[in-house]
Amino acid sequence: MINQNLKKYIEQNILPIYQKLDKAHSGNHVFDVINKSFEIAKDFDVNLDMVYTIAVFHDIGLIKEREHHHLIGGKMLEDDPFIQSLFSKEDLCIMKEAVEDHRASSKTPPRSIYGKIICEADRSDTMDIVIERTILFRMKNNESFESIYPDVLKHIQDKYGENGYLKVWLKTPGTTKMLTEIRKLLQHEIEFKQYAQKIYEKIKTNGESND
């Protein structure tokens, strides 16, 4: 059971910030990460209030800038007066480090199990969601599929390909399945492009229906 005062504070003050972020982060991503964090945490002896807080703050630094968002988010968590009132200094440090360590491009393992949980939760999307979020991030001004596709393909190859920079620390079934499927599809670029275009068109159709 999550501390209800913590939950209320986060729902009123932190989660609304995500609606100000780019299209890839302003939708369901943070809620997906929260739910996946809880699911992964079932296998470990951890404090669920800490797991929840880390998941909520993991991408919040994007409100300022992208390159160092993991460091900014960790600092925002550590400096939050309400969060400080609920956790010890030791727990604050662990949570700050977990947010800092969640960056996919990090070459070193997270410093705690909490860092490993948020890393895994942030990575364990389905193949469709990975491609969808990659497209959404590049559709800032409703760009055409052809104009963004080269960058979509490069990002997926660079991050999720056989020699991609993505590091997996817990190797849960969801992440393993996603990586297997993406790497198999990447072997056939024509099929990958067709698959990505269908997802792009679905995004456009859903966007137009919501206007």
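The paragraphs below move from the overall fold of this predicted model to two of its helices and one loop residue.

The protein contains 11 helices and 0 strands, so that, in the sense of simple order along the sequence, the pattern reads α-α-α-α-α-α-α-α-α-α-α. Its C-alpha trace spans about 55 × 40 × 30 Å along the principal axes. Because a compact globule of 211 residues would have a radius of gyration near 17 Å, the 18 Å found for the protein agrees with that expectation. Of the contacts with a separation of 6 or more, 67% join residues that lie 24 or more positions apart in the sequence.

Buried residues account for 48% of the 211 residues, while the protein exposes about 11,300 Å², of which carbon and sulfur atoms supply 50%. The charges comprise 30 positive and 34 negative ones, and the mean positions of these two sets are 2 Å apart.

Helix 2, which runs over residues 29-41, can be checked for its length: at 1.5 Å a residue its 13 residues should span 18 Å, and because its end C-alpha atoms are 18 Å apart, the model agrees with the expected value. Which residues of helix 2 are buried? They are His29, Val30, Val33, Ile34, Lys36, Ser37, Ile40 and Ala41. An α-helix has 3.6 residues a turn, so residues three or four places apart point the same way. The cover over the buried residues of helix 2 includes helix 3 (48-57), helix 7 (113-123) and helix 8 (127-137).

Helix 3, itself part of that cover, is mostly covered in turn, with 9 of its 10 residues buried. These buried residues are Asp49, Met50, Val51, Tyr52, Thr53, Ile54, Ala55, Val56 and Phe57. Against what do they pack? Their partners are helix 1 (4-13), helix 2, helix 4 (69-79), helix 5 (81-86), helix 6 (89-101) and helix 7. Helix 7 thus appears both in the cover of helix 2 and among the elements that the buried residues of helix 3 pack against.

A last stop is lysine 171, whose place is in the loop between helix 9 (145-160) and helix 10 (173-186). Lysine 171 has a positive phi of about 55°, although it is not a glycine. Is this residue buried or exposed? Since the cut-off for exposed is over 50% relative accessible area, lysine 171 counts as exposed because its relative accessibility is 63%.

Notes
Residues are numbered from 1 along each chain as its sequence is written. This is a predicted model: local features need pLDDT of at least 70, side-chain atom pairs count only at pLDDT 80 or more; totals for chains, interfaces and linings use all residues. Side-chain values use heavy atoms; hydrogens and water are left out. Helices (H or I, at least four residues) and strands (E, at least two) are DSSP runs, numbered from the N terminus. The radius of gyration is taken over C-alpha atoms; the globule rule is 2.2 Å times the number of residues to the power 0.38. Buried means under 20% relative accessible area, exposed over 50%, partly exposed in between (1.4 Å probe, protein chains only). Contact means heavy atoms within 4.5 Å. Accessible areas come from the Shrake-Rupley method with a 1.4 Å probe; for residues, only the protein chains shown count as cover. Lys and Arg count as positive and Asp and Glu as negative; His and the chain ends are not counted. The place of a charge is taken as NZ of Lys, CZ of Arg, CG of Asp or CD of Glu. The expected span of a helix is 1.5 Å times one less than its number of residues.
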